Amino acid sequence: MDTVRVVCGIIFKEDKILLCRRKAEKSLGGYWEFPGGKVEPDESEGDALKRELREELSMQVEINNHFKTITHQYENVQIELIAYGCKFIQADFVLIDHNEIQWVKNTDLLSFNLAPADVPIAKTLIAKRKY
Ligand SMILES: Nc1nc2c([nH]c(=O)n2[C@H]2C[C@H](O)[C@@H](COP(=O)(O)OP(=O)(O)OP(=O)(O)O)O2)c(=O)[nH]1
């Protein structure tokens, strides 16, 4: 089975991280995620992340370090979830693919119903506190 490459942002505003809840009608609807999306062919991970954040949230960030990559097998798809640390710059937060957003303290991440692939990323964030 092919692996779908997905890039997501661990977006910091001071000591809080942005979580977004996927709309009910989407795949993994109702789960909270780090925003981002699929990397298109011939697109860099950074360009894909900037594009997705602009399209989904009208948001601009500064992309910093690669944080962690997780391979996760869902029932009918395998994804490679590539997470980058980002600094929040500004957003209109016009929600397209999500129905709620929240800025969350590191230590509260696991109290959200995270997409299963995101759980190891949240655990690493909690273990490191600051990356
Ligand atoms: N953006 C994002 N997607 C994630 C995360 N964790 C996780 O399992 N995913 C999954 C959900 C989707 O199956 C896929 C990303 O696709 P996407 O966000 O571009 O969604 P999409 O609209 O293209 O997907 P679809 O509903 O059309 O299938 O990766 C995450 O933290 N961020």
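Me: In this predicted model, what do E1 and E2 form, and how many residues lie between them?

Reply: The two strands E1 and E2 form a hairpin, with 2 residues between them. The partners run antiparallel and are joined by 2 bridges, and Lys13 stands opposite Lys16 of E2.

Me: Which residue in the turn has a positive phi, and is that residue buried or exposed?

Reply: Glu14 is the residue in the turn with the positive phi, at about 50 degrees, a positive value in a residue other than glycine. Glu14 is exposed, because 6 other C-beta atoms lie within 10 Å, and a residue with 12 or fewer such neighbours is classed as exposed.

Me: Where does Leu28 lie, and what is its phi?

Reply: Leu28 lies in the loop between E2 and E3, and its phi is near 55 degrees, again a positive value in a residue other than glycine. Leu28 has 13 C-beta neighbours inside 10 Å and therefore counts as partly exposed. A further positive phi, of about 60 degrees, is taken by Arg129, just after H2.

Me: How should I read the pairing of a strand, and which strands are joined to E2 besides E1?

Reply: As a general idea, the side chains in a regular strand alternate between the two faces of the sheet. In this structure, E2 (residues 16-22) is joined to E7 (residues 98-105) by 7 bridges, and the two run antiparallel. E2 also pairs with E3 (residues 32-33) in the antiparallel sense, over 2 bridges. Arg21 is a useful residue to follow here, since it stands opposite Glu100 in E7 and also opposite Trp32 in E3.

Me: Turning to the helix, which residues of H2 are buried, and why are they said to line one face?

Reply: In H2, which spans residues 119-128, the buried residues are Ile121, Ala122 and Leu125. Seen down the axis of H2, these buried residues fall within an arc of 100 degrees, so they line one face of the helix.

Me: What covers the buried residues of H2?

Reply: The cover includes the strands E1 (3-13), E5 and E6 (78-91). In E5, which runs over residues 59-73, one can look at Phe67, whose C-alpha is 8.6 Å from that of Ile121 although the two are 54 residues apart in sequence. Phe67 has 19 C-beta neighbours inside 10 Å and so counts as partly exposed, given that a residue needs 20 or more to be called buried.

Me: How many residues surround the ligand, and which are the closest?

Reply: The ligand is surrounded by 17 residues, and the closest are Ser27, Glu33, Gly37, Ala115 and Ala117. By class, the shell divides into 9 nonpolar, 3 polar and 5 charged residues.

Me: Which strands supply at least two residues of that shell, and where does the largest share come from?

Reply: E1, E4 (36-38) and E6 each supply at least two residues of the shell, and the largest share, 3 residues, comes from E4.

Me: Finally, what does the UniProt annotation say, and which residues does it cover?

Reply: The unreviewed UniProt entry carries the annotation "domain: Nudix hydrolase" for residues 2-127, and a label of this kind may be inferred rather than shown by experiment. In the model, that span is 17% helix and 48% strand, and its end C-alpha atoms lie 31 Å apart.

Definitions and conventions. Residues numbered from 1 in each chain as written. Predicted model: local features only at pLDDT ≥ 70, side-chain atom pairs only at ≥ 80, totals over all residues. Helix = DSSP H or I, 4+ residues; strand = E, 2+ residues; numbered from the N terminus. Arc of directions from axis to C-beta. Contact = placed C-beta atoms within 7 Å. Near = placed C-beta within 6 Å. Nonpolar A, V, L, I, M, F, W, Y, C, P; charged D, E, K, R; others polar. Pairing = 2+ DSSP bridges.
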